[in-house]
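Could you walk me through this protein in the viewer, one selection at a time? I would like to know what to click on next and what I will find there.

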Amino acid sequence: MGLWHVFYADWQMECCGTPFSVGEDVSWPLMLVDSGSVLGGGWHDQLTKVAGPVEDVGGVRVVREETGLTAALAADPDSEEDLRPKPGDWIRSVGMLSVERHGAVWPQAAGRVRSVQVLTQVYAESAPGSRSWEPVRGERGLRAVDRCPKWFTETEGERGADGRGRHSREPGVVVTLDVPGTDSWLSHAVREARGIPHQDAEPGAETAGLSAADLAALLQTLSTVAGPRGRPGRSRSGGRRGRHA
């Protein structure tokens with residue numbers, strides 16, 4: 001079993017998603033996106049490393065992660081040229097896994113939900129009175145819940161000291177998905193936290209002997225937004241590159 005942090009955006013859920021609970025089995029189409037494109041960036045604990053060959057599946061560019069996960073590769077909507085790796089390339093990239101239910105079809109990742117955290121993000125006007133809102137990097141929080149909501153909330157606005165309007169809203173959830181037949185950077189971190197030797201560790205050893213509640217609590221300590229611990233650089237696939245396990 002491999003553990004993967006997945007961002008599930010509010011609009012994806014509100015449009016055509018089905019709420020789910022911790023412990024429930026789900027199947028989602030995943031896409032690896034540039035972490036800087038998600039709420040202004042500033043992520044660390046939610047990043048995912050993938051390594052494997054790139055394929056074309058029904059016109060969709062996907063990476064077959066070497067331990068078994070399949071995810072589509074997001075294109076840069078602001079680029080006139082498609083800079084994604086080409087079919088046949090082998091890549092190592094770090095970004096954020098996101099549920100993508102619109103557009104083309106590619107193989108879904110099936111697994112069990114181990115943890116759900118609702119995001120809260122502060123937004124501010126790009127200039128005083130502009131009414132054009134942008135996420136404030138680093139001003140976000142996570143709240144553990146047992147079930148993903150169908151609808152997400154927004155607070156009343158206020159005026160900041162710089163004259164810009166500010167408000168906060170829930171732009172989605174961070175889910176930890178346990179996918180059979182895979183291994184991950186996050187699984188490595190859980191083994192390390194539990195003192196389990198990495199060499200010759202059996203698949204799923206990191207979760208063996210833990211109750212659902214204890215595993216969820218441990219996973220939440222490995223998905224936090226309490227201050228950055230590094231400034232990863234850009235990888236060749238448009239994601240973010242950090243240290244490798």
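Here is a tour that goes from the aromatic residues to the cores, a helix, the salt bridges and the cysteines. Please keep in mind that this is a predicted model.

**Stop 1: the aromatic cluster**

Start by selecting Tyr8, Phe20 and Trp28, which ring pairs link into a cluster. The count for the structure comes to three aromatic pairs. Zoom in on Tyr8 and Trp28: their ring centres are 5.3 Å apart and their planes stand at 90°, so this pair is edge-to-face. The two rings link distant parts of the chain, with Tyr8 in strand S1 and Trp28 in strand S2, 20 residues apart. Are these two residues buried or exposed? Tyr8 is buried, at 1% relative accessibility, and Trp28 is buried too, at 2%.

Stay on Trp28 and show its contacts. Leaving out residues up to four places away in sequence, Trp28 touches Val6, Tyr8, Phe20, Val99, Arg101, Gln108, Ala109, Val113, Val175 and Leu177.

**Stop 2: the nonpolar cores**

Next, select Phe20, Trp28, Leu30, Leu97, Val113 and Val173. These residues touch the most other members of the largest nonpolar core, which has 29 residues. To see where this core comes from, color the elements that give two or more residues to it: S1, S2 (25-28), S3 (30-33), S4 (48-57), S6 (70-73), S7 (90-99), S8 and S12.

Now switch to Leu39, Val62, Met96 and Trp106. They are among the 19 residues of a second, separate core.

**Stop 3: helix H3 and its two sides**

Select helix H3, residues 212-221. Which of its residues are buried? They are Leu215, Ala216, Leu218 and Leu219. Look down the axis of H3 and you will see these buried residues fall within an arc of 165°, so they line one face of the helix. On the other side of H3, Ala213 and Thr221 are exposed.

Add the surroundings to the view: the buried residues of H3 pack against S1 (2-9), S8, S12 and H2.

**Stop 4: salt bridges**

The structure holds 11 salt bridges, and a few of them make good selections.

- Select Asp178 and Arg114, whose side chains meet in a salt bridge at 3.0 Å, N to O. Asp178 lies in strand S12 (residues 172-179) and Arg114 in strand S8 (residues 109-125), so the pair ties together parts that are 64 residues apart in sequence. Asp178 is buried, at 0% relative accessibility, and Arg114 is also buried, at 19%. The cut-off for buried is under 20%.
- Select Asp183 and Arg191, a salt bridge with its closest N and O atoms 3.3 Å apart. Asp183 is partly exposed, at 29% relative accessibility, whereas Arg191 is buried, at 7%.
- Keep Arg191 and add Glu206: their side chains meet in a salt bridge at 3.2 Å, N to O. Arg191 lies in helix H2 (residues 185-194) and Glu206 in the loop between H2 and H3, so the pair ties together parts that are 15 residues apart in sequence. Both Arg191 and Glu206 are buried.
- Finally, select Glu134, Asp162 and Arg164, which are joined into one network by salt bridges that share partners.

**Stop 5: a loop residue**

Go back to the loop between H2 and H3 and click on Gln199, which lies there. Gln199 is exposed, at 67% relative accessibility. For a sense of scale, draw a distance from Gln199 to Pro53: the two are 146 residues apart along the chain, and their C-alpha atoms are separated by 24 Å.

**Stop 6: the cysteines**

Last, select the cysteines. How many disulfides does a search of the whole structure find? It finds zero. Why does Cys16 not form a bond? The cysteine sulfur closest to that of Cys16 belongs to Cys15 and is 3.8 Å away, too far for a bond, since a disulfide needs the two sulfur atoms within 2.5 Å. Cys16 is partly exposed, at 36% relative accessibility.

Then move to Cys148. Its closest cysteine sulfur is in Cys16, at 13 Å, which is again too far for a bond. Cys148 is buried, at 2% relative accessibility.

Note on methods: Residues are numbered from 1 along each chain as its sequence is written. This is a predicted model: local features need pLDDT of at least 70, side-chain atom pairs count only at pLDDT 80 or more; totals for chains, interfaces and linings use all residues. Side-chain values use heavy atoms; hydrogens and water are left out. Buried means under 20% relative accessible area, exposed over 50%, partly exposed in between (1.4 Å probe, protein chains only). A salt bridge is a side-chain nitrogen of Lys or Arg within 4 Å of a carboxyl oxygen of Asp or Glu. Helices (H or I, at least four residues) and strands (E, at least two) are DSSP runs, numbered from the N terminus. The arc is that of the directions from the helix axis to the C-beta atoms. Contact means heavy atoms within 4.5 Å. A nonpolar core is a set of buried Ala, Val, Leu, Ile, Met, Phe, Trp, Tyr and Cys residues joined through side-chain atoms within 4.5 Å. Rings of Phe, Tyr and Trp (its six-membered ring) pair if their centres lie within 6.5 Å; planes under 30 degrees apart count as stacked, over 60 as edge-to-face and the rest as tilted.
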